[in-house]
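Subject: Structure handed over, with notes

Dear colleague,

I am passing on the structure we spoke about, and my notes on it follow below. Please read them with the structure open beside you.

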Amino acid sequence: MTEELLLTGNLEEVSKKVVNWLLNRKPIKSLKDWGTSFSLWPPHLTTSCCGTEFGAFAAARFDAERYGVLPFSSARQTNLLVIEGTLTRKMGRAAKIVYDQMPEPKFVIAMGACALEGGIFWNSYNTVLPSDLGIPVDIYAPGCPTRPEALARAVLLLQKRIRSSNGTLNK
Ligand code: SF4
């Protein structure tokens with residue numbers, strides 16, 4: 001390898017380190033976290049009946065967009081996975097694929113008793129929890145179903161955590 005190539009390689013490495021260092025310093029980090037907290041885009045993934053409550057949250061009355069929550073069709077442009085109630089083995093696999101496709105930083109809200117501890121299907125052979133699939137949950141929103149107001153509260157809590165995090169949230 002020539003000296004020129006070595007220098008170019010080092011420059012790339014150094015510039016990456018400088019950018020990372022800058023992104024983790026105030027006020028740039030605070031600005032980045034503020035922007036992230038108001039840009040929470042969940043993918044369209046309905047796993048169970050709690051999904052209707054999420055639909056109500058996204059509709060005109062509860063107006064999720066005022067919190068910056070904008071449901072999106074492509075997992076690769078999203079950063080907030082909302083697990084909407086029961087996860088069967090089949091839908092759990094789909095949720096894990098979607099979660100893996102989402103870019104970092106990404107966050108997870110689990111809504112409904114079913115996503116928390118199985119709910120009315122707690123002893124079913126076919127029900128799994130997010131933790132069984134290796135999906136780390138940031139905020140749990142209990143209820144059966146979880147009302148849209150409770151989901152709004154979960155989003156506000158997540159936003160607060162993102163803005164007050166020191167880079168440790170979900171990682
Ligand atoms: S918590 Fe209740 S409403 Fe939600 S998925 Fe389970 S059974 Fe359905």
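In which strand is the place of T127? Before I answer, please keep in mind that this is a predicted model. T127 sits in strand β4, and it counts as buried because it has 20 C-beta neighbours inside 10 Å, where 20 or more is what a buried residue needs. Leaving aside residues up to four places away in sequence, T127 touches T86, L87, T88, G118 and F121. A115, which is 12 residues from T127 in sequence, lies 9.3 Å from it in space, taken from C-alpha to C-alpha.

Strand β4 also comes up when one looks at helix α4, since the buried residues of that helix pack against β4 (127-128) as well as against β1 (80-84) and β2 (87-88). Helix α4 itself runs over residues 89-101, and its 13 residues reach 19 Å from the first C-alpha to the last, which is close to the 18 Å expected at 1.5 Å a residue. The buried residues in α4 are G92, A95 and Y99. Seen down the axis of α4, its buried residues fall within an arc of 60 degrees, and therefore they line one face of the helix. On the face of α4 that is turned away from this buried side one finds the exposed residues K90, I97 and D100.

Next, the ligand. The residues around the ligand include S48, C49 and C50, then G85 and T86, then G112, A113 and C114, and further along the chain G119, I120, C144 and P145. Sorted by class, this shell has 7 nonpolar and 5 polar residues, and no charged residues. T86 thus appears both in the shell around the ligand and among the residues that T127 touches.

Some backbone details deserve a careful look. Most peptide bonds are trans, and most residues other than glycine have a negative phi. In this model, however, the peptide bond that joins C144 and P145 is cis, with omega at about -5 degrees, and P145 is found in the loop between β5 (139-141) and α6 (148-164). The peptide bond from E104 to P105 is also cis, with omega near -5 degrees, and P105 lies in the loop between α4 and β3 (107-111). D63, for its part, has a phi near 50 degrees, which is a positive value in a residue other than glycine. D63 lies in the loop between α3 (50-58) and β1, and it is partly exposed, with 13 other C-beta atoms within 10 Å.

One residue of strand β5 is also worth noting, namely I139. I139 is partly exposed, with 18 other C-beta atoms within 10 Å, and, not counting residues up to four places away in sequence, it touches I109, A154, L157 and L158. The C-alpha atoms of I139 and K29, which are 110 residues apart along the chain, are separated by 22 Å.

Finally, there is the record. An unreviewed UniProt entry carries the annotation "domain: NADH:ubiquinone oxidoreductase-like 20kDa subunit" for residues 49-156. In the model, the end C-alpha atoms of residues 49-156 lie 23 Å apart, and the span is 33% helix and 16% strand.

With best wishes

Methods. Residues are numbered from 1 along each chain as its sequence is written. This is a predicted model: local features need pLDDT of at least 70, side-chain atom pairs count only at pLDDT 80 or more; totals for chains, interfaces and linings use all residues. Helices (H or I, at least four residues) and strands (E, at least two) are DSSP runs, numbered from the N terminus. The expected span of a helix is 1.5 Å times one less than its number of residues. A residue is buried if 20 or more other C-beta atoms lie within 10 Å of its own, exposed if 12 or fewer, and partly exposed in between; C-beta atoms are placed from the backbone. The arc is that of the directions from the helix axis to the C-beta atoms. Two residues are in contact if their C-beta atoms, placed from the backbone, lie within 7 Å. A residue is near a molecule or strand if its C-beta atom, placed from the backbone, lies within 6 Å of it. Ala, Val, Leu, Ile, Met, Phe, Trp, Tyr, Cys and Pro count as nonpolar, Asp, Glu, Lys and Arg as charged, and the others, Gly among them, as polar. UniProt positions are given in the numbering used here, feature names are shortened, and annotations may be inferred rather than shown by experiment.
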